[in-house]
Amino acid sequence: MSRVLSTAQRRLSVVANHVRGMSSVNVDDVQFSKCGVVGHAKLNRPKALNSLNVSMLSKLLGEFKRWEADDGVSAYILSGNGGRAFCAGGDVRTLAQAAACDDRAAIAEFFQTEFSVDHQLASLRKPLVALVDGVYMGGGVGVSVHAPFRVATERTHFAMPETSIGFFPDVGVTHVLSRMGNLGRFLGLTGLSLRGCDVLRAGLATHYVPSGSMETLTKELEAASGADDITTVLSRHHAESGADSDDSSFLSRHSTAIEHLFGGESLQAIIKNLERLPSTDEFAKEMLAVLRARCPQSLAVTWEQLKRNKDLDLHDVLVSDYRLALRIVFHSEFREGIRAALVDKDKRPIWTTRLDTVDANSFFEPLDVDFRAS
């Protein structure tokens, strides 16, 4: 652990500049264009799987504010460059390094800006189409999952894997997961992924289009005259995909088991039920192993989120997420999760918390300065 801390401390100036998103370094990290009445924002850090930093978030915040005030813009597209990812999330390695340097101002700035963008894109007066082709995780979910149109492909790879790194599902995603019943519990607690048609089947996408048709779809969306035209274009491409008839996916095989296994009254009850099931139940055995590998503190906090956030609006969920983020990012469990996943890459975190002793409620207490949407 000391090696991680010393490495972060030596890189303090680099970290601070990166977290704060210095525009001189990141001039083209988001590309904006206007085609007719459609504004198109394209995330452009393909080597980093379009992971978000403050530079990108600030640009999104500013440009969408201008487009909202522009009567010549009637709709929006949000996409990612590079072909591999829509957006892999926030830059958690840099956040962990900044936390190790105790750079609280930079971390607060990051989450304030990120959550403001999430709230802004969820509250647009004009329709947003998110083309979630490729990796679709973490912060990438935050900027898209609240949009009215979300288009998946066979390459779409959705996950909120935060419980595996000592964090929690943030960016307001539990506003969605808490309304998905036991499937939302499964996704939030395990952090396991959904791909392709399953993203559509779960309701995390609204339409499905093969990746080979994305270029044509994008051109047609850019030529759209407004919301009705966009709906027509998306519906036609979706119908041509045949996605609704796919019955070979992960959820087709396991949705009944997920509904049963994640239906307990408490997290402890879910785990005890999994422990009692026969060893011949391979899926239950796998789910038990996954939950045992996750950070106990993260599981407890996520369970509490899913309970609390079901009846909250998105802004209040983001206020809660901000409180959690500014506490958990400085916790030793998060440092350990980042060490195991991204520094040493041994994939063997040594968690120090226990599920039966975590005081999850304490993480939800108000801060001196809480999140407020910009």
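## Exercises: sheet, pocket and salt bridges

Six strands, in the order β1-β2-β3-β5-β7-β10, make up an open sheet with mixed pairing. Strands here are DSSP runs of E with at least two residues, helices are runs of H or I with at least four, and both are numbered from the N terminus. Two strands pair if DSSP finds at least two bridges between them.

This is a predicted model, where local features need pLDDT of at least 70 and side-chain atom pairs count only at pLDDT 80 or more, while totals for chains, interfaces and linings use all residues. Residues are numbered from 1 along each chain as its sequence is written, and side-chain values use heavy atoms, leaving out hydrogens and water.

**Exercise 1.** Find which strands stand at the edges of the sheet.

*Solution.* Start with the ends of the strand order: β1 (30-35) and β10 (207-208) each have a single partner strand, so one side of each has no neighbour in the sheet. Next, look at how β1 meets β2: the two run antiparallel and share 6 bridges. For one of these residues, take K34, whose bridge partner in β2 is G39.

**Exercise 2.** Work out which element gives the largest share of the lining of the second largest pocket.

*Solution.* First, the term: on a 1 Å grid over the protein atoms alone, a pocket is an open set of points where a 1.4 Å probe fits, with protein on both sides within 12 Å along at least five of seven lines, and lining residues have an atom within 4 Å of a point. Now go to the spot: 17 residues line this pocket, and K42, S79, G80, M214 and T218 lie nearest its centre. Then check the elements that give two or more residues: β2 (38-43), β3 (75-80), β4 (85-87) and α10 (214-222). The winner is α10, with 5 residues.

**Exercise 3.** Trace the salt bridge between D346 and R339, and say how buried or exposed each partner is.

*Solution.* A salt bridge puts a side-chain nitrogen of Lys or Arg within 4 Å of a carboxyl oxygen of Asp or Glu. Here the N to O distance is 2.7 Å. For accessibility, buried means under 20% relative accessible area, exposed over 50%, and partly exposed in between (1.4 Å probe, protein chains only). With 32%, D346 is partly exposed, whereas R339, at 9%, is buried. Finally, follow the shared partners: salt bridges link E336, R339, D344 and D346 into one network.
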